[in-house]
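Open your viewer and get ready to select residues by chain and number. This tour goes from aromatic rings to enclosed spaces.

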Amino acid sequence: MELLITLRKYDLYDSIKNLTDGIIVGKYFTSGYHLSLEEITDLSIKCKNDNLKFYVALDDLISEKDRSLLINYFDFISKLRVDGVYFHDLSVIEVAKRYGLFDKLIYDGKTILTNSLETSFYLNTGLDSVVISRELTLQEVTGILKNNPNRVDMQIFGHIRMSYSKRHFLRNYFKQIDREVSLDNSEVLSITEENRDYHMPITDDESGTKIYSDFIFETYKEFPVLKQYLRRGIIDTIFLEDGQIISALVDFKRITFENRDFMEQSLLNKRENLYSTGYLYMKTNKTKDE
Amino acid sequence: MSKIELLAPAKDLAKAKIAIRYGADAVYIGGKRFSLRSRASNFDYEDIKELCDFASLYNAKVYVTVNMIFHDEDFDGIIEYLKKLESFNVTGVIISTISLIPLIKKVAPKLEAHMSTQLSTVNSLAVRQLKEFGADRVVLGRECSIQEIEMISRNVNVPLEVFIHGGMCSNYSGRCVLSNRMTLRDANRGGCAHSCRWKYHLYENDTEISNPECLLSMSSKDLRASAYVEKMIKANVASLKIEGRMKSEYYIAQVVRTYRKMIDEIYEKGHLDDERIKYYDEELDKAENRPSDDGFLSGDCDNTKHLFGVNGAGVTHDYVAYVHKYDSNRNIAYIEVKNIFNNEDTLEAFGPDLDNTLFKAKIMFDEDWNLVSLANKPTQRLYLRVPFEMKEGCMIRKVSKK
């Protein structure tokens, strides 16, 4: 199993390179990655020299008018030493085939890859791997993993993306209330429903608006079992501080290689005070009447 | 070239029949299981079979939504369900789980597999990929502009379905699980709590920057694509879809009838001028209950296409009665009251074969033939003098003073 992180800041590389098996980077069709094409190229070289895996992410849906941008981006990607391409829009499959990268594709189903049949379907097309949805219970996750051992990736730490819109909710709202607020660094913005107290981070950029979980998802306790079946475990670093990222990497490394007991008090404290198990123990199939 | 399909929603058998009578070429419905709109899915096997038999009389088609995003626990019974639908002569199923395609082709090969808007397919390469997976039709995401729809249509050889009317997810369909977090109801399994329609405080770090008088809302106006129907026909779109499986029979009748007439006029005359589009918009106004716009069809959605602190309104006509029978010897309609009206109100009748016709409610009787001046009991049956021929299934609305 590989332990990967999404690298969203170039300067963080040196701090994490000895703690991870690889990095995921992005620019077009991804959000929250503050990297230039030059930095991505440089990171691919660094990864090669440091014997780290190097992955590119395309998290977004791609409109018809942006097809040429997608092809241009694959022109760029194909010249790098890429170990895999995470994608969400099915258009990527045809373009990747043109560039001979089909067998490096990893389908990130985001909210819609939720069962074993669908997982097997994608894997049987010849893709390298898939990333299953984050809204699954532990029972569902292990069921899917056991049906497809060592073929499936999963987010194991970080904020979870909960919604994605082409609409610019923040830009439009500021216009509506006649207020000027810069969205250049919109990672500091969050929303709270008027009758609840969840502070959910929100971004609004050229791809639209995305809302993330108020909680930081973690799987420390479950990881010893999950890692037996997982192809890759992903730490998504969006909205995390550098210290949190490094701490998470250290924790997962210790659980993986030192077989540290998940019951270790420091990890238990983190679970109770800082993080959440998300939906692992919480089904979300209630109806309106319940 | 075959004529474009007008596809209407229906919550139950009665509404489905109304949609077909009022001009829908096809209806889409949800069964008791596997559908994304669980509260709008009232069709058991018997109803589905009856609807298919009814639809065949009008040469109309029936599609069934099997569009929940399945978890492993949800598949139980799906094979039997698909086989049943095929045996009833359902034309196709609308799905979001791509892996159902090979299953459908194997166990119910006469069923078409239509890819739901839940997949948010917004480019031609993705459409082609779905075709390669075996899709028989693709419903495009509502984020496409009309130019993009035209481009996609030119670049694919699979029938496309496009939404033209009704409520819209403010997020990409299928990509929103806000409801899961806030209510433990899975938006992708029929439990959507419409969290996007709620109000939110906005913070920059710990400081609130929203306006307390106008909190942030993601709520979108409804879609109305009347001005784009002609372009969609010319773009060779296969099906125009109306949203609204929770809507009333009156809404279904009025919206279906309006688009039916509009489509027929475009095919007859080749073009609709602005005046005719305005006429049809006024007809749609009679059924609307939320402000509407053209969504992404004209390009980007700015702040004017959001609902900030608006709670609907805009209906100019109240639906007041459904016609069960008409006695042409006495010019008396036997009606079911839907909303309050009195014998001084101006009413407008319409039906599958009846153009809008105004009349006064002057004379009406209860079921014991006592004269009444006020109809104010929902489901009450009355006899109403109507000075022109009507048929079962016609509807009557009150013309309000704007």
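## Stop 1: a cluster of rings

Start in chain B. Select Phe34(B), Tyr45(B), Phe70(B), Phe75(B), Tyr81(B) and Phe88(B): ring pairs link them into a cluster. Keep in mind that this is a predicted model. Over all chains, the structure holds 35 aromatic pairs.

## Stop 2: a pair across two chains

Now select Tyr173(A) and Phe308(B). Their ring centres are 6.1 Å apart. The planes meet at 40°, so this pair is tilted: the angle is neither under 30 degrees nor over 60.

Where does each ring of the pair sit? Tyr173(A) is in helix H7 of chain A, residues 169-176. Phe308(B) is in a loop of chain B, between strand E13 (292-293) and strand E14 (317-327). The pair therefore joins two chains.

Are these two residues buried or exposed? Tyr173(A) has 0% relative accessibility, so it counts as buried. Phe308(B), at 10%, counts as buried too. The cut-off for buried is under 20%.

## Stop 3: a pair within chain A

Next, select Tyr212(A) and Phe239(A). The ring centres are 5.0 Å apart and the planes stand at 75°, so the pair is edge-to-face. It links distant parts of the chain, 27 residues apart. Tyr212(A) belongs to strand E11 (residues 208-212). Phe239(A) lies in the loop between strand E13 (230-235) and helix H9 (242-257) of chain A.

Tyr212(A) is buried, with 5% relative accessibility. Phe239(A) is buried as well, with a relative accessible area of 16%.

## Stop 4: charges over rings

Select Arg8(A) and Tyr33(A). Arg8(A) lies over the face of Tyr33(A), 4.2 Å from the ring centre. Then go to chain B and select Lys241(B) with Tyr28(B). Here Lys241(B) lies over the face of the Tyr28(B) ring, at 4.4 Å from its centre.

## Stop 5: the cavities

How many cavities of 30 Å³ or more does a search of the whole structure find? It finds seven.

The largest has a volume of about 220 Å³. It is lined by 21 residues; select the closest to its centre: Asp59(A), Asp108(A), Lys110(A), Arg134(A) and Asp236(A). The whole lining divides into nine nonpolar, four polar and eight charged residues.

The second largest cavity has a volume of about 110 Å³. Of its 17 lining residues, select the closest to the centre: His88(A), Leu90(A), Leu119(B), Thr121(B) and Arg175(B). This lining divides into nine nonpolar, five polar and three charged residues.

Key
Residues are numbered from 1 along each chain as its sequence is written. Chains are lettered from A and ligands numbered from 1 in the order in which they are written. This is a predicted model: local features need pLDDT of at least 70, side-chain atom pairs count only at pLDDT 80 or more; totals for chains, interfaces and linings use all residues. Side-chain values use heavy atoms; hydrogens and water are left out. On a 1 Å grid over the protein atoms alone, a cavity is a set of points where a 1.4 Å probe fits but cannot get out, and a pocket is an open set with protein on both sides within 12 Å along at least five of seven lines; lining residues have an atom within 4 Å of a point. Grid points are joined across faces, edges and corners, and a volume is the space filled by probe spheres set on the points. Ala, Val, Leu, Ile, Met, Phe, Trp, Tyr, Cys and Pro count as nonpolar, Asp, Glu, Lys and Arg as charged, and the others, Gly among them, as polar. Rings of Phe, Tyr and Trp (its six-membered ring) pair if their centres lie within 6.5 Å; planes under 30 degrees apart count as stacked, over 60 as edge-to-face and the rest as tilted. Helices (H or I, at least four residues) and strands (E, at least two) are DSSP runs, numbered from the N terminus. Buried means under 20% relative accessible area, exposed over 50%, partly exposed in between (1.4 Å probe, protein chains only). A charge sits over a ring if NZ of Lys or CZ of Arg is within 6 Å of the ring centre and within 35 degrees of the ring normal.
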